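Thanks for asking me to look this one over. My notes are below as numbered points, to be read with the model open beside them.

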Amino acid sequence: MNRNNNYLRAFALYEQWGLAGVKIDFLNRDDQDMVNWYEKITRAAALRHLLVDFHGAFKPTGMIRTYPNQITAKAFWATNTTNGVRASRPEHKTTLPFTRLALGPGDFTPGGFLNTPLAQFQPVQQTGPARKGSKPPPTRPKCKARAARIALFVCFDSPVCCVCDHPSHIKDQPGADFLKMVPTVWDDTKVLDADVGRHLGMVRRSGKDWFLGALTDQSRRSISIKLDFLGPGKWTMRLWKDAKDAKVNGQHLM
């Protein structure tokens with residue numbers, strides 16, 4: 001691809017079509033040729049006003065400071081990795097904000113509304129019977145409790161969030177209203193309470209609105225959060241949390 005410059009013609013066509021950017025996957029290397037290719041692709045995309053999301057990528061090294069159009073990258077075990085088994089462990093998600101995500105935005109592919117308690121977790125090979133005249137939704141693993149999945153949109157930083165699920169699993173589901181309102185870029189971020197690999201409570205601000213997200217490992221715990229970051233005045237809160245039967249049905253919210 002980089003030898004005959006086909007990507008230059010492709011990017012020019014994408015700009016003509018009015019596309020916002022490209023997502024490039026299955027790179028899985030960090031040798032010199034690949035690192036140079038990253039920069040070449042990102043620079044060419046910038047000239048055509050295209051954003052770049054490198055999925056299947058190596059860890060960030062600061063290139064985003066030179067090329068802000070390289071808006072996010074993967075570089076960790078994400079929801080779509082190995083059928084989501086490792087990425088679905090709560091300890092994994094409560095560690096990433098202190099490790100990989102400290103280096104830059106991460107395309108974790110959050111969301112995932114096929115939720116089930118961790119003890120019942122298993123990769124699924126088909127999400128349902130095929131409908132007449134259409135293909136079945138693509139294969140995706142079941143993911144832990146619904147509240148934990150939507151909290152990732154606050155706790156994990158990525159200006160582009162590629163939701164890891166089929167639209168039919170999300171439409172009219174509990175928590176879908178949250179996905180409609182949560183921003184992907186922020187004006188302020190504060191970590192309120194955290195312990196690496198155990199729990200995380202943080203808030204992010206977009207304009208006048210604050211979004212608070214909390215994650216925990218496999219242990220149940222209560223976290224006391226001071227709301228002094230809000231400042232004076234009256235505030236209205238909307239709350240999404242696991243329902244009382246979430247141990248049985250991870251898709252329920254209250």
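1. A word on terms before the fold: helices (H or I, at least four residues) and strands (E, at least two) are DSSP runs, numbered from the N terminus. With that in hand, the chain, which is a predicted model, reads α-β-α-β-α-β-α-α-α-α-β-β-β along the sequence. That comes to seven helices and six strands.

2. Some overall figures may help you get your bearings. The protein chain has 254 residues, and 43% of them count as buried. Its exposed area is about 14700 Å², with carbon and sulfur atoms supplying 52% of that. Among contacts between residues at least 6 apart in sequence, 65% join residues at least 24 apart.

3. Do have a look at how the strands pair. Strand β2 (residues 51-54) runs parallel to β1, and four bridges join the two. Within that pairing, Ile24 stands opposite Phe54 of β2. To get from β1 to β2 the chain passes through helix α2 (residues 32-47), and this β-α-β crossover is right-handed.

4. Strand β2 also pairs with β3 (residues 70-73): these strands run parallel and are joined by three bridges. Here Val52 has Gln70 in β3 as its bridge partner. If you are following side chains along these strands, keep in mind that in a regular strand they alternate between the two faces of the sheet.

5. How many salt bridges are there? The count comes to nine. As a reminder, side chains of opposite charge can pair when their charged atoms come close. One of the nine links the side chains of Lys23 and Asp107, at 3.0 Å from N to O. Lys23 lies in strand β1 (residues 21-24) and Asp107 in the loop between α4 (90-93) and α5 (146-155), so this pair ties together parts that are 84 residues apart in sequence.

6. Are the two partners of that bridge buried or exposed? Lys23 has 40% relative accessibility and counts as partly exposed, whereas Asp107, at 0%, counts as buried. The cut-off behind that second label is under 20% relative accessible area.

7. Two further salt bridges deserve a glance. In one, Arg29 pairs with Asp31, and the closest N and O atoms are 2.7 Å apart. Asp31 is partly exposed, with a relative accessible area of 30%, and Arg29 is partly exposed at 40%. In the other, Asp217 pairs with Arg221, and the closest N and O atoms are 2.9 Å apart. Asp217 counts as buried at 9% relative accessibility, while Arg221 is partly exposed at 33%. Elsewhere, salt bridges that share partners join Lys23, Asp53 and Asp107 into one network.

8. Lastly, please look at the surface around Leu13. Together with Trp17 and Leu19, Leu13 makes a nonpolar surface patch of about 300 Å². Leu13 lies in helix α1 (residues 6-17). Why can Leu13 belong to such a patch? Patches are made of residues with over 30% relative accessible area, and Leu13 is partly exposed at 33% relative accessibility.

Note on methods. Residues numbered from 1 in each chain as written. Predicted model: local features only at pLDDT ≥ 70, side-chain atom pairs only at ≥ 80, totals over all residues. Heavy atoms only, no water. Buried < 20%, exposed > 50% of the residue type's maximum accessible area, 1.4 Å probe, protein only. Contact = heavy atoms within 4.5 Å. Areas by Shrake-Rupley, 256 points an atom, 1.4 Å probe, with all protein chains shown as cover. Salt bridge = Lys/Arg side-chain N within 4 Å of Asp/Glu carboxyl O. Patch = residues over 30% accessible without salt bridge, like charges linked within 9 Å, V, L, I, M, F, W, Y side chains within 5 Å. Pairing = 2+ DSSP bridges. Right-handed = clockwise from strand over helix to strand, strands pointing away.
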